[in-house]
Amino acid sequence: MTILIGYLPAPEGEAALRAGFAEAALRTCDAVVVNSQRRGASGTPTEIDKDDIDRIVALGEEAGVAVTVLQPDHEDDVPGTLNDLAAEHDAQLIVIGLRKRSAIGKFILGSQAQRILLEAEVPVLTAKA
């Protein structure tokens, strides 16, 4: 069993890490951190490097949690990617960070977080920065 944590390098991503590692420690299971890069969008601010990965693994170890960091590509289907990874890693929970957005922002840009909440096949825990 694992906890699957969606991570982007932002305050919301850090909140998801803290909440996800706390849940993994509480449930005595491992964590899989997913930094899903949109295919063809290399170099965007969502991408993390080896130093970031090492820091994330160290944070998990401080919490007593074994951590694996994955960086799969996706098209426009982040919820599908997370569902596939949750099934592959036998995840019992998905943890994501949330940020406040206006109704107009959601309408124009859509809301990946909302889709994850509605389409996830396992429970989802959200964390705010």
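1. Let's start with one pair: Arg-55 and Glu-14 form a salt bridge, and their closest N and O atoms sit 2.8 Å apart. Keep in mind as you read that this is a predicted model. The pair ties together distant parts of the chain, with Arg-55 in helix 2 and Glu-14 in helix 1, 41 residues apart.

2. Are the two partners buried or exposed? Neither label fits, because partly exposed covers the range between under 20% (buried) and over 50% (exposed). Arg-55 has 32% relative accessibility, so Arg-55 counts as partly exposed. Glu-14, at 21%, counts as partly exposed too.

3. Now look at the two helices that carry this pair. Helix 1 covers residues 11-27 and helix 2 covers residues 50-62. Their axes come within 10 Å and cross at roughly 35 degrees. As for handedness, helix 1 passes helix 2 in a right-handed crossing.

4. Which residues make the contact? From helix 1 come Glu-14, Leu-17 and Phe-21, and they meet Arg-55, Ile-56, Leu-59 and Gly-60 of helix 2. Sorted by type, the residues of this contact are four nonpolar, one polar and two charged. Glu-14 and Arg-55, the salt-bridge partners from the start of this note, both appear in that contact.

5. Stay with helix 2 for another pair. Lys-50 and Asp-54 form a salt bridge, with 2.9 Å between the closest N and O atoms. Here both partners lie in helix 2, four residues apart, which is about one turn of the helix. Lys-50 has 58% relative accessibility, so Lys-50 counts as exposed. Asp-54 is partly exposed, with a relative accessible area of 39%.

6. Further along, check helix 5, residues 112-119. The side chains of Arg-115 and Glu-119 meet there in a salt bridge, at 3.1 Å from N to O. Both residues lie in helix 5, four residues apart, again about one turn of the helix. Arg-115 is partly exposed, with a relative accessible area of 29%, and Glu-119 counts as partly exposed at 36%.

7. How many salt bridges are there? The count comes to four, and among them are Arg-55 with Glu-14, Lys-50 with Asp-54 and Arg-115 with Glu-119. As a general point, side chains of opposite charge can pair when their charged atoms come close. If you want one place to begin in the viewer, try Arg-55 and Glu-14, which link helix 2 to helix 1.

Definitions and conventions
Residues are numbered from 1 along each chain as its sequence is written. This is a predicted model: local features need pLDDT of at least 70, side-chain atom pairs count only at pLDDT 80 or more; totals for chains, interfaces and linings use all residues. Side-chain values use heavy atoms; hydrogens and water are left out. Axes are lines fitted to C-alpha atoms, for helices over the stretch in contact, and angles run from 0 to 180 degrees between N-to-C directions. Helices (H or I, at least four residues) and strands (E, at least two) are DSSP runs, numbered from the N terminus. A crossing is left-handed if the near helix is turned anticlockwise from the far one by less than a right angle, and right-handed if clockwise. Contact means heavy atoms within 4.5 Å. Ala, Val, Leu, Ile, Met, Phe, Trp, Tyr, Cys and Pro count as nonpolar, Asp, Glu, Lys and Arg as charged, and the others, Gly among them, as polar. Buried means under 20% relative accessible area, exposed over 50%, partly exposed in between (1.4 Å probe, protein chains only).
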